[in-house]
Amino acid sequence: MHVDILAIGAHPDDIELGCGGTLAKHVALGHTVGLVDLTRGEMGSRGTVLERDAEAVNAAQILGATFRVNLDMPDGRLVNDFDSQQRIIELVRAHRPRIVLCNAPRDRHPDHGVASAMVVEACFRAGLHKWESVGEDGQPQDPFRPEHVYHYIQFYDLQADFTVDISDFIDAKMASLTAHTSQFYQEGSDGPETVISSKWFWDSLTARTAEWGRVMGVAHAEGFIAPRRLGVDSLFSLR
């Protein structure tokens with residue numbers, strides 16, 4: 001199944017944190033979206049693997065994703081090697097997305113930076129004609145390289161190269177995060193308190209989208225990093 005956008009995250013809630021509103025918006029605009037989690041978040045302080053699997057499914061439905069898959073790589077021990085890249089190459093060639101979204105190049109969790117480099121390199125190698133891969137049907141896959149790879153921003157306050165207006169989709173973003181009930185702030189919830197389960201972190205999410213939105217003159221926005229210089233058709237394409 002081909003999709004317009006393939007969003008990839010190291011952990012089951014990374015995508016929702018970084019670009020949930022943008023994905024919901026593009027689904028509403030008629031684009032197709034696929035989600036890929038590299039790990040099952042099994043090293044997280046809160047929630048079991050089965051709980052997190054179910055939460056990820058619920059969040060994907062809220063965002064309107066066509067599918068969500070998990071590559072079951074080791075949480076906390078991601079390695080950017082050829083074997084790991086090969087699995088992403090196979091997904092990219094199978095789903096042929098025009099745009100790939102992935103973790104920021106550096107972040108508080110070490111897995112995020114590793115995942116970022118892994119995806120960027122895999123997307124390049126997916127376009128090499130002599131790089132071999134086999135699909136689920138056992139047949140050799142044709143080379144394919146996405147038009148763009150962009151990085152969403154999570155914990156660190158990184159400089160965004162561009163922002164996307166998600167004013168009408170902030171509720172969808174927050175609902176997709178609420179679906180991850182084991183991970184984020186819930187009044188009276190059990191389990192050890194972590195950075196992301198704290199109330200201040202939860203409140204900071206909309207504070208950040210509001211700040212990005214303020215700068216571009218809208219209520220809420222999400223920020224992205226582009227590996228190369230961006231271009232537009234005309235000055236009137238800019239907000």
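## The sheet and a helix across it

Contact here means heavy atoms within 4.5 Å. Angles run from 0 to 180 degrees between N-to-C directions. With that in hand, look at helix α3, residues 82–95. In this predicted model, α3 lies across β1, β2 and β3. Its direction is at about 165 degrees to β3.

Those strands belong to an open sheet of seven strands. The order is β3-β2-β1-β4-β5-β7-β6, and the pairing is mixed. Two strands stand at the edges: β3 (67–73) and β6 (162–165). Each has a single partner strand, so one side of each is left without a neighbour in the sheet. From one strand to the next, the twist averages 30 degrees.

Now zoom in on one pair. β1 and β4 (residues 99–102) run in the parallel sense, joined over three bridges. Alanine 7 stands opposite leucine 101 in β4.

## Two nonpolar cores

The largest nonpolar core has 27 residues. Which of them touch the most other members? They are Leu23, Leu35 and Leu101. Several elements give two or more residues to this core: β1 (5–9), α1 (14–28), β2 (33–39), α2 (49–63), β5 (148–152), α5 (170–178) and α6 (199–216). The most comes from α1, with five residues.

Another core lies apart from this one. That second core has 24 residues, among them Ile8, Leu71, Ile88 and Ala115.

Back to leucine 35. Leaving out residues up to four places away in sequence, leucine 35 touches Ala7, Ile15, Leu23, Ala60, Ala65, Phe67, Arg68 and Val69.

## Glutamate 132

Find the loop between α4 (110–125) and β5. Glutamate 132 sits there. Is this residue buried or exposed? The cut-off for exposed is over 50% relative accessible area. Glutamate 132 has 70%, so it counts as exposed.

Glutamate 132 still has contacts. Setting aside neighbours within four places in sequence, it is in contact with Gln86 and Arg93. Proline 143 is 11 residues away from glutamate 132 in sequence. In space the two are 8.4 Å apart, C-alpha to C-alpha.

## The largest pocket

The largest pocket has a volume of about 1000 Å³. Its lining is made of 27 residues. Which lie nearest its centre? They are His26, Tyr150, Phe162, Thr163 and Val164.

At least two lining residues come from each of α1, β4, β5 and β6. β6 gives the most, with four residues. This is the β6 that stands at an edge of the sheet.

Note on methods: Residues numbered from 1 in each chain as written. Predicted model: local features only at pLDDT ≥ 70, side-chain atom pairs only at ≥ 80, totals over all residues. Heavy atoms only, no water. Core = buried A, V, L, I, M, F, W, Y, C linked by side-chain atoms within 4.5 Å. Buried < 20%, exposed > 50% of the residue type's maximum accessible area, 1.4 Å probe, protein only. Pairing = 2+ DSSP bridges. 1 Å grid on protein atoms, 1.4 Å probe; cavity = no way out; pocket = protein on both sides within 12 Å on 5 of 7 lines; lining within 4 Å. Points joined across faces, edges and corners; volume = space filled by probe spheres on them.
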